[in-house]
Amino acid sequence: MGKFWAFLFFLVPVLGTAVFLVAIAGNQPTSEQLFPMIWERHWLPEDVSQDGHRIDSLFMFILWLTGIVFLATEFAMAWFMWRYDAKVNRDPVKFSHGSHNLEIIWTILPAATLLFIALHQMHAWAEAKIERPEGIPPTVEVTGRQFEWRIRYPGKDGKLNTADDLLTVNDLHIPVDEDIIVVLKSEDVLHSFFLPNLRVKQDAVPGMKQLVWFKAVRTGEFDIVCAEICGWGHYKMKGQLTIESREEYDEWMAELHDKVTATQARQKAPPEE
Ligand SMILES: [Cu+2]
C-alpha cells in the first residue's frame, strides 16, 4: 500500500507539469512556437507597454525558480515514500539529532534567494511605483465601484474635477507612445485596476487617491479587469482600453465632448471636490 501512495505522490509533479505544458500548447496555433511561448508569455498576454518586459522577466525568473524547487521536493518526497515503505523496512526507527550543517545550508539558501529577489526587483518596483513621469498632469481619473469603472477625462481645460470634465463608463482611451498618469480611486470597496497587456495592476482603495503610470507602445483594443474579488458582480467588472494614435484620440475626445455638451443642457456641472 505504501508503494501505491508513493506512486500517487509521484504523479503530482508529473501531471502538474503535463497540465502546465498542455495549457501552453493549447494556446498556440502551431507547436513550433511552444518553447518560445514558455519563455516569453506563458499566462501573460501580449505586452504592449514600454516597461512590461521587466515585470515579465521577474515573473519568468520566479516561475522557473519555484518550478524547479517544486519538482525537486515532490520527487524527493515520492522517492522517500517508495524507499522507506514500512511494509518492507522492518528495522526499528532510529532517531538522530539531525545535521547542524544541513540546517545552516537550508536556512541560508532560501534566505539568500529571497534577498536576491528583493534586490533584483528594486528597479522594476521603483519604475512602476516611485519614479512618476515628471511635469505632466494626470491624463484621466478612474474610479472603481461595484461593478464598473467610471472614467473621467479633464476636458478642454486639462484639469480634472472641473465643470468641463468628460465622463465614460468602462471605456478608457489613451494615446500611444505617451506617458499616461491615471488617478485611481474607489467609491465603495477594494478593487484592483488591472491592465494585463500593460502589466499594470494596482489596488483601488476607498478613501485613497493613487497614481498609476505607464506608456503604451502599440495601438489596439485591450481589457481592463478588476483583479480583486469585490462582490457578487466582480466577474463582470471589465472595461475596454483603446490605445490609439494622438490624432484618433483627439478626434474621439472631440466627439465625446460634443455628446456630453449636448446632454449637459439638461444637466448641471458635476460637483466640485
Ligand atoms: Cu472590482
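The paragraphs below go through a predicted model, from its overall make-up to its two sheets, its helices and a few backbone details.

The protein has 273 residues, of which 16% count as buried. Its secondary structure consists of six helices and 10 strands. Taking contacts between residues at least 6 apart in sequence, 66% of them join residues at least 24 apart.

One of the helices, H3, covers residues 52–83. With 32 residues, H3 spans 46 Å from its first C-alpha to its last, close to the 46 Å expected at 1.5 Å a residue. The buried residues of H3 are Gly52, Ile55 and Ala78.

The strands can be taken sheet by sheet. Strands of a sheet pair through backbone hydrogen bonds, and the pairing is either parallel or antiparallel. One open sheet has five strands in the order S3-S2-S1-S5-S8, and its pairing is mixed. Its edge strands are S3 (166–169) and S8 (210–215), each of which pairs on one side only. On average, neighbouring strands of this sheet are turned by 25° against each other, with direction ignored. Within this sheet, strand S2 (residues 148–153) runs antiparallel to S3, and four bridges join the two. Tyr153 stands opposite Leu166 of S3.

Another open sheet of five strands has the order S4-S10-S9-S6-S7, again with mixed pairing. S4 and S7 (200–204) stand at its edges with a single partner strand each, so each has one side without a neighbour in the sheet. The twist from one strand to the next averages 20°.

How is an edge strand such as S4 placed with respect to the rest of the structure? Four of the five residues of S4 (residues 171–175) are buried, so this strand is largely enclosed by the rest of the structure. Its pairing with strand S10 (residues 238–244) is parallel and comprises five bridges. In that pairing, Ile174 has Ile243 of S10 as its bridge partner. Helix H6 (residues 246–264) lies across both S4 and S10, and runs at about 140° to S4.

Pro175 belongs to S4 as well. It counts as buried because 21 C-beta neighbours lie inside 10 Å, where the cut-off for a buried residue is 20 or more. Apart from neighbours within four places in sequence, Pro175 is in contact with Glu244, Ser245, Arg246 and Tyr249. Glu244 is within the range of S10 (residues 238–244), and Arg246 and Tyr249 are within that of H6 (residues 246–264). Pro175 and Thr139 are 36 residues apart in sequence, with their C-alpha atoms 9.8 Å apart in space.

The loop between S4 and S5 contains Asp177 and also Glu178; S5 itself covers 179–186. Asp177 has a phi near 60°, a positive value in a residue other than glycine. Is this residue exposed, partly exposed or buried? Asp177 counts as partly exposed because it has 13 C-beta neighbours inside 10 Å, and the class in question lies between the exposed limit of 12 or fewer and the buried limit of 20 or more. Glu178 is partly exposed too, with 13 other C-beta atoms within 10 Å. The C-alpha atoms of Glu178 and Ala216 are 7.1 Å apart, while the two residues are separated by 38 residues in sequence.

Two further backbone details remain. Most residues other than glycine have a negative phi, and most peptide bonds are trans. Arg199, which is not a glycine, has a positive phi of about 55°. Its place is in the loop between strand S6 (191–195) and S7. Arg199 is buried, with 24 other C-beta atoms within 10 Å. The peptide bond joining Gln146 and Phe147 is cis, with omega about -5°. Phe147 is in the loop between strand S1 (140–145) and S2.

Terms used. Residues numbered from 1 in each chain as written. Predicted model: local features only at pLDDT ≥ 70, side-chain atom pairs only at ≥ 80, totals over all residues. Pairing = 2+ DSSP bridges. Axes fitted to C-alpha atoms, helices over the stretch in contact; angles between N-to-C directions. Expected span 1.5 Å × (residues − 1). Contact = placed C-beta atoms within 7 Å.
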